[in-house]
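Trainee: I would like to learn how to read a structure that I have never seen before. Could we go through one together, feature by feature?

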Amino acid sequence: MLLAGVFLQHFVGRRDEADEARIPWAHVDIAGPSFNSGSPWGFTGSGATGAAVRTLVRLGEQLAAK
């Protein structure tokens, strides 16, 4: 995860040529092993759960509402 973030940092641009600071960005590794090998339960189906994606979407919704 750390190596991927350092690699991706190379491709983050600047706002314009005169700006020394890079555009704010974040590397979020959401490919965790969230897997339900049992029966579906609630909104969690069987198989890959996408729990990290749902968490990130919910965070975005909460931040946008402020």
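Mentor: We will go from the overall outline to single residues, keeping in mind that this is a predicted model.

Trainee: Which helices and strands make up the protein chain, and in what pattern do they follow one another along the sequence?

Mentor: A good start is to list the elements and then to read their order. Here the secondary structure comes to two helices and two strands, and along the sequence the protein chain follows the pattern α-β-β-α.

Trainee: How does the radius of gyration of the protein chain relate to that of a compact globule?

Mentor: The idea is to set the value of the model beside the one expected for a compact globule with that number of residues. For 66 residues the globule would have a radius of gyration near 11 Å, whereas the protein chain has 17 Å. The spans of the C-alpha trace along its principal axes, about 55 × 35 × 10 Å, can be read beside that value.

Trainee: What share of the residues counts as buried, and what share of the contacts joins distant positions?

Mentor: Of the 66 residues of the protein chain, 9% count as buried. Among contacts with a separation of 6 or more, those between residues 24 or more positions apart account for 9%. The accessible surface comes to about 5700 Å², and carbon and sulfur atoms contribute 62% of that area.

Trainee: Is N36 buried or exposed, and where does it lie?

Mentor: Relative accessibility is read against a cut-off, and a residue counts as buried when its value is under 20%. N36, which lies in strand β1 (residues 35-36), counts as buried because its relative accessibility is 19%. Its side chain reaches the backbone oxygen of G45 at 3.2 Å, and, leaving aside neighbours within four places in sequence, N36 is in contact with T44, G45, S46, G47 and T49.

Trainee: What surrounds T44, and where is it placed?

Mentor: T44 sits in the loop between β1 and β2 (47-48), and it too has a relative accessible area of 19%, so that it is buried. Beyond its neighbours within four places in sequence, T44 is in contact with N36, T49 and R54.

Trainee: Where is R15, and which residues does it contact?

Mentor: R15 belongs to the loop between α1 (2-9) and β1, and with a relative accessible area of 55% it is exposed. An exposed residue may still have contacts to list, and those of R15, leaving aside neighbours within four places in sequence, are with A21, I23 and P24.

Trainee: How many salt bridges are there, and which residues form a salt bridge?

Mentor: The count comes to one salt bridge. It joins R58 and E61, whose closest N and O atoms are 3.4 Å apart.

Trainee: Why are R58 and E61 separated by about one helical turn?

Mentor: The reason is their spacing, because R58 and E61 are three residues apart in helix α2. R58 is partly exposed at 45% relative accessible area, and E61 is likewise partly exposed at 44%.

Trainee: Which residues make the nonpolar surface patch?

Mentor: V28, I30, V53, L56, V57, L59 and L63 make a nonpolar surface patch of about 560 Å². One of these residues, L56, is placed in helix α2 (residues 51-64), and L56 is partly exposed, with a relative accessible area of 38%.

Definitions and conventions:
Residues numbered from 1 in each chain as written. Predicted model: local features only at pLDDT ≥ 70, side-chain atom pairs only at ≥ 80, totals over all residues. Heavy atoms only, no water. Patch = residues over 30% accessible without salt bridge, like charges linked within 9 Å, V, L, I, M, F, W, Y side chains within 5 Å. Areas by Shrake-Rupley, 256 points an atom, 1.4 Å probe, with all protein chains shown as cover. Salt bridge = Lys/Arg side-chain N within 4 Å of Asp/Glu carboxyl O. Helix = DSSP H or I, 4+ residues; strand = E, 2+ residues; numbered from the N terminus. Buried < 20%, exposed > 50% of the residue type's maximum accessible area, 1.4 Å probe, protein only. Polar contact = N/O pair within 3.5 Å; in protein donor to acceptor, adjacent residues only side chain to side chain. Contact = heavy atoms within 4.5 Å. Rg over C-alpha atoms; globule rule 2.2 N^0.38 Å.
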